[in-house]
Amino acid sequence: MAQTDVIAFGEVKADPKEPVEVTADALAVNQADGSAEFTGNVLIIQGVMRLSANRVLVIYKTDETGKRGIDQLEASGDVLLVSGPDAAEAEKAEYTIDSGTIVMTGNVLLNQGASTLTSNRLEVNLTTGTASMAGRVKTILNPDGGN
């Protein structure tokens with residue numbers, strides 16, 4: 001089993017209850033399952049978090065009172081997640097709204113200031129402002145602090 005260490009992500013903790021703003025070139029709604037597919041230059045904004053991708057599928061849920069809300073966002077194609085000074089790139093990302101968790105997979109690249117890490121998987125918890133990486137994690141450590 002791969003070792004995972006918790007690292008800080010973003011300057012501030014995010015609130016997954018904040019409104020989600022979506023901008024895209026096109027939108028297709030599936031009436032059968034109630035999902036919505038945004039394509040082309042998709043930008044998701046929720047508080048301090050920014051997520052961009054070529055395609056984002058929005059999956060909705062209905063609670064026991066009949067209130068409808070977003071369950072999950074599935075992003076693919078040139079996915080970029082930015083929160084404060086930290087940025088992560090990947091092929092895919094799944095954002096589960098209730099838990100405030102984003103799981104990024106496929107050639108993950110995390111930039112934090114002067115540090116760059118790569119891995120197969122990055123899990124970001126927006127509510128705690130932390131992240132963990134797994135699957136062939138690689139970084140270059142500079143013993144003199146980059147000076």
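**Exercise 1.** In this predicted model, determine which residue of β8 stands opposite A93, and establish how β7 and β8 are joined.

*Solution.* Begin with the residue pair: A93 has M104 of β8 as its opposite. Next, consider the strands themselves. β8 covers residues 101–112 and runs antiparallel to β7, with nine bridges joining the two. Finally, examine the connection: β7 and β8 form a hairpin that leaves four residues between them. Within that turn, G100 has a positive phi of about 70°.

**Exercise 2.** Identify the residue of β7 that stands opposite S76, and describe the pairing of β6 with β7.

*Solution.* First, locate the strands: β6 spans residues 68–83 and β7 spans residues 86–96. They run antiparallel and are joined by 10 bridges. Second, find the partner of S76, which is K92 in β7. Third, inspect the turn. The hairpin of β6 and β7 has two residues between the strands, and G84 in this turn shows a positive phi of about 60°.

**Exercise 3.** Characterise the largest pocket by its volume, its lining residues and their chemical classes.

*Solution.* Start with the volume, which is about 280 Å³. Then turn to the lining, to which 13 residues contribute. Nearest the centre of the pocket lie K61, G69, I70, I97 and D98. Now assign the lining to structural elements: β6 supplies the largest share, namely three residues. Last, divide the lining by class: seven residues are charged, four are nonpolar and two are polar.

Notes:
Residues numbered from 1 in each chain as written. Predicted model: local features only at pLDDT ≥ 70, side-chain atom pairs only at ≥ 80, totals over all residues. Heavy atoms only, no water. Pairing = 2+ DSSP bridges. 1 Å grid on protein atoms, 1.4 Å probe; cavity = no way out; pocket = protein on both sides within 12 Å on 5 of 7 lines; lining within 4 Å. Points joined across faces, edges and corners; volume = space filled by probe spheres on them. Nonpolar A, V, L, I, M, F, W, Y, C, P; charged D, E, K, R; others polar.
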